[in-house]
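Here's a quick briefing to read with the structure open beside you. Take it in any order you like.

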Amino acid sequence: MSHDALAAAKATPQAFDPTPMPDSLAVCLTPYEQLVSGCNLESELRTHVTNHGRVGLVGAIGSGKSSVSRYALGAPELAMIALNVVTEDRKKIATVRGFLEILVSQLLSRANSAGRITRKLREDLLADTTPTINPPRTEILTRGELGGAFWLLRGGVAKQVTRTLAGSESYRSTHDLRQAAREALAAITDSKLVPVLLADDTDRLLRVADNPEEAEQLFRGFFGEVLREIAEQLECGLILAIHDSYLAHKDFQGFTTGRIVTKHIPRLTESGQLAQIISRRAGFLAKPAHCEDLLTQDGLERLTTIHCEGRDGELRATLSIFYQALALACQDGSEQVEEHHIRAADTVSVSL
């Protein structure tokens, strides 16, 4: 490995970005089917959702749930409707009506790419789901509303007094929104595609709330009535990202049993697995020669130890440490990332 090749790998931060753009996630993913002997994770996900199955993908934060989901949903026959749960209005995401409003909005915004919804259907759905506007209007006040002291008399005849009422919006009912979602999903199916909802980033539901009571309401609402709505009322596949700590929640099994099949992100414990991931990501853009030699064996073993023990298997954090070590190696003119670079980068990440 030359210093130039090392520098070329450093020039591809997109490949090691701990928070990459969604479109980059699946592109630089090394499938678990290639990393773990006997693993069929990505194929099983595709099979389930193609048959309108509901899958809960379980793993820690940064373990690869988003990457795996988007990779699995990259098949040409699947129409992915991605919904980042935590970035939506949290007052809406935990209620059926609010969730359907968000879902229909997502379906319409992706109409061209996620299912070839016709222009007429798009216009009809917009009309069916947009709040009805009640324009300002005037209203004649009765004598009782005015009161005797304000009842105006002119020549002994009561004069009509009016008031202006402000305009208002009448929001569509849950029934209307459910019907709109069904029509949009049916249009995707009619175009020979399988609609699949990706409910991502649910692992942050309990962390974005202002207090424990709100966190519990968000959790119970989303995994309770909203998940029941998806499972029982909507004709689509589902991949639901689930933080592994949720499995211990007292009501989790009651919410999910019979509604989703759970699949766990495999744990990577071998140095060769990390070497394969780093090699693929390093060649993501720059394609330097011999990417598999970016690290010395001692450096790779140290990174593997950090990944398995200190970082509890969070691949996102491990890749971030490697990229910091790569920058340190480039600074001192090294031709490979060595063990002391990994140790130094780990120390920096811990202090942050």
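What follows is a short lead and then notes grouped by topic.

Keep in mind that this is a predicted model. A search through the whole structure turns up nine salt bridges, and a few of them get a closer look below. There's also a paired set of strands, a mostly covered helix, some backbone oddities and a patch of negative charge.

**Strands S2 and S9**
- Strand S2 covers residues 78-84, and five of its seven residues are buried, so call it mostly covered.
- S2 runs parallel to strand S9 (residues 194-200), and seven bridges join the two.
- If you want a spot to anchor your view, Ala82 sits opposite Leu198 in S9.
- Val194 also belongs to S9, and with a relative accessibility of 15% Val194 counts as buried.
- Val194 has a distant sequence partner in Val49: they're 145 residues apart along the sequence, yet their C-alpha atoms are 8.1 Å apart in space.

**Helix H6**
- Helix H6 (residues 65-72) is mostly covered, with seven of its eight residues buried.
- Among those buried residues you'll find charged names too, including Lys65 and Arg70, alongside Ser66, Ser67, Val68, Ser69 and Ala72.

**Positive phi outside glycine**
- His52 isn't a glycine, but its phi is positive, near 60°.
- His52 is in the loop between helix H5 (41-50) and strand S1 (54-59), and is partly exposed at 24% relative accessible area.
- Lys192 does something along those lines, with a positive phi of about 70° although it's no glycine.
- Lys192 lies in the loop between helix H11 (174-190) and S9, and its relative accessible area of 72% makes Lys192 exposed.

**Salt bridges**
- Glu101 and Lys92 meet through their side chains at 2.7 Å, N to O. Glu101 is partly exposed at 23% relative accessible area, and Lys92 counts as partly exposed at 28%.
- Glu229 and Arg178 form a salt bridge as well, at 2.7 Å from N to O. Glu229 lies in helix H13 (residues 212-233) and Arg178 in helix H11, so this pair ties together parts 51 residues apart in sequence.
- Is that second pair buried or exposed? Glu229 is buried, with a relative accessible area of 5%, and Arg178 counts as buried at 19%, where the cut-off for buried is under 20%.
- Asp251 forms a salt bridge with Lys250, the closest N and O atoms being 3.0 Å apart. Salt bridges that share partners join Glu216, Arg220, Lys250 and Asp251 into one network.
- Within that network, Lys250 counts as exposed, at 68% relative accessibility.

**Gly254 and its spatial partner**
- Gly254 is in helix H14 (residues 252-256), and is exposed with a relative accessible area of 55%.
- Which glycine can you pair with Gly254 for a C-alpha distance? Try Gly224: the two are 30 residues apart along the chain, and their C-alpha atoms are separated by 8.7 Å.

**Negative patch on the surface**
- Asp298, Glu301, Asp332 and Glu338 gather in a patch of negative charge on the surface.
- Asp332, one of the four, is found in the loop between helix H17 (315-331) and helix H18 (339-351).
- Asp332 is partly exposed, at 42% relative accessible area. Patch members need over 30%, so Asp332 clears that cut-off.

Technical notes: Residues are numbered from 1 along each chain as its sequence is written. This is a predicted model: local features need pLDDT of at least 70, side-chain atom pairs count only at pLDDT 80 or more; totals for chains, interfaces and linings use all residues. Side-chain values use heavy atoms; hydrogens and water are left out. Buried means under 20% relative accessible area, exposed over 50%, partly exposed in between (1.4 Å probe, protein chains only). Two strands pair if DSSP finds at least two bridges between them. Patches are made of residues with over 30% relative accessible area and no salt bridge: like charges are joined within 9 Å, nonpolar side chains (Val, Leu, Ile, Met, Phe, Trp, Tyr) within 5 Å. Accessible areas come from the Shrake-Rupley method with a 1.4 Å probe; for residues, only the protein chains shown count as cover. A salt bridge is a side-chain nitrogen of Lys or Arg within 4 Å of a carboxyl oxygen of Asp or Glu. Lys and Arg count as positive and Asp and Glu as negative; His and the chain ends are not counted. The place of a charge is taken as NZ of Lys, CZ of Arg, CG of Asp or CD of Glu.
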